Amino acid sequence: MASQAKVVEKQYLLPFVLITSLFALWGFANDITNPMVAAFKTVMEISNAKASLVQFAFYGGYATMAIPAAIFVQKYSYKKGILLGLTLYAIGALLFWPAAQYQIFGFFLVSLYILTFGLAFLETTSNPFILSMGSEETATRRLNLAQAFNPMGSLLGMFVASQLVLSSLESDKQRNAAGELIFSSLDESTKAVMRTHDLMVIRNPYVALGIVVIVMFVIIAIVKMPQTGHANKIDPVTSFKRLLANSNYREGVVAQVFYVAAQIMCWTFIIQYADNLGIDKATAQRYNIVAMGIFLGSRFFSTFLMKYVNSRRLLMIFAIGAIGTMSGVIIFQDLKGLYCLVATSAFMSLMFPTIYGIALEGIGEDATLGAAGLVMAIVGGALMPPLQGTIIDMGTVGAAPAVNVSFLLPFICFVMIAIYGYRSYKAHQQV
C-alpha cells in the first residue's frame, strides 16, 4: 500500500532544498576526484597503487573526522556542523593552488584530506538532518530523494573532469602509433613544462569549487534552520554502547563499508579497464559519465519503487543484479565487459541511502552518532582502491588481464550487501 505521509512537508521545504544542495556539492567533489587517480599516475609518473593514495586520503578524511563531527553536532547544532564542514571543504579545495605551485603529490593528498574533513561534517550532519525533516514513515524515501541530487553533482564533476581536465592533459596526449603512453620517455625539460601545465589544469576546478562552497556558506549562515531530531546532551559513550548492541545497525555499518568500497572501485578503475582495451582517458571518462547518468535515473526509479516494494528486499535484489554484471566485468575481455561495468551503476544507485536508512531506523536520539558510524564506513573507499591498484599493477594474473581479476574485490562487496539485504528483510518480517 502506498504511504499517505508526505515525503517533504511544506514547513521544511526551504531547509530541505538547501541541505539537499549539499549532496550535489559532495557528489561533485567525489567524482571529479576519482579520475584524478589516473591523471596523477601519468603526470607524476607513479604506480597505480601510489596514485590510489588519492582515494586513501580522500576517504580517509571521512574516517578521521566522522566521530568528532558527530560530537560537535551533538554539542552545538546541525547548522553549526554544516557551517564548519563548509569551512573545511573550502580550505581544502583552495589549498590546491599552492599544491600545484610546489608540484608535490603529498601536498595534493593533504589538501584532499582536509577537504574531506569538511565532507565528513556535511555527511554526518546532513543525512540525519534530512531523515528528521518529517515522518519516520517516509524517512528512507526522503533520504533517497535527497541523495538523488548527489549524482547530479557527480555528473557535473565527471563532465568537468572529462572536458576540462583529462582532455587538456598534455602528458596523456604523448602516445606512439600503437596508442601507448610515452610521456615518461620524454626529456626532463619537456616533461617539466608539461607537468606544470597539467597540474594547473588539475588545480583550477578545485579552486573554483572552493569559491562556490564559500557562497553556500554565506547562504546557509543567513537562513534559519529547524531544530528537528536533535538532542544536545547525549552521552557519546552510552549512545555508542546502545548502537553496538543493535545488530541491524552493526551489520549496516559493515554493509556500508563494502558498498562504498565497491562504488569507488567501479568508478575509479573504469578508466584503467578501458585503457586495457586501448581507450584513452578522456574517452574512458565518457563511459563514467554514462554510468553516472544510469545511476541517477535508477536512483529516482528505485525511490519510486520503494512506495510498493520493501526497501530491504529491493536492496537484496539490486545487490544480486550487481553480482551478475560484475561477473561479466571479470569474465569478458572486450567491450562487453566495459558495458557490464557501466551497467553496474544501475544496481548501485539505491544502496548507500537505503543501507543508511535501514541501519538508522528506530535508533532515535542516537541518530547523530549512528550517522557518524555510517560516514566512517566510507573508509571502505580508502582501503580497497589501493589494493585493487596493486592487483592492476601486476599486469596479468595467470592468463587473464589483472584489471579484470581486480574486479573480484567489488564482486565480493556486492555479495556482502546482498546478505545484509536478506538478513535485514527477514528480521523485519519477524517484527
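Which residues in α12 meet which residues in α21? In this predicted model, Asn248, Glu251, Gly252, Ala255, Phe258, Tyr259, Ala261, Ala262, Met265 and Cys266 of α12 meet Leu409, Pro410, Cys413, Phe414, Met416, Ile417, Tyr420, Arg423 and Ser424 of α21. This briefing covers that helix pair and the pair formed by α7 and α8.

**Helices α12 and α21**

- Helix α12 spans residues 247-268, and helix α21 spans residues 408-430.
- The two axes come within 9 Å and cross at roughly 150 degrees.
- Because angles over 145 degrees count as roughly antiparallel, α12 is roughly antiparallel to α21.
- The crossing of α12 past α21 is left-handed.
- By residue class, the contact of α12 with α21 comprises 14 nonpolar, three polar and two charged residues.
- Among the nonpolar participants are Phe258 and Met265 from α12 and Phe414 and Ile417 from α21.
- The charged participants are Glu251 in α12 and Arg423 in α21.

**Helices α7 and α8**

- Helix α7 covers residues 105-132, and helix α8 covers residues 139-147.
- These helices pack at an angle of about 130 degrees, with their axes 8 Å apart.
- The orientation of α7 and α8 is therefore oblique.
- Their crossing is right-handed.
- On the α7 side, the contact is made by Asn127, Ile130 and Leu131.
- On the α8 side, Ala139, Thr140, Arg142, Leu143, Ala146 and Gln147 take part.
- The residues of this contact divide into five nonpolar, three polar and one charged, the charged residue being Arg142 in α8.

Conventions
Residues are numbered from 1 along each chain as its sequence is written. This is a predicted model: local features need pLDDT of at least 70, side-chain atom pairs count only at pLDDT 80 or more; totals for chains, interfaces and linings use all residues. Side-chain values use heavy atoms; hydrogens and water are left out. Axes are lines fitted to C-alpha atoms, for helices over the stretch in contact, and angles run from 0 to 180 degrees between N-to-C directions. Helices (H or I, at least four residues) and strands (E, at least two) are DSSP runs, numbered from the N terminus. Angles under 35 degrees count as roughly parallel, over 145 as roughly antiparallel, 65 to 115 as roughly perpendicular and the rest as oblique. A crossing is left-handed if the near helix is turned anticlockwise from the far one by less than a right angle, and right-handed if clockwise. Contact means heavy atoms within 4.5 Å.
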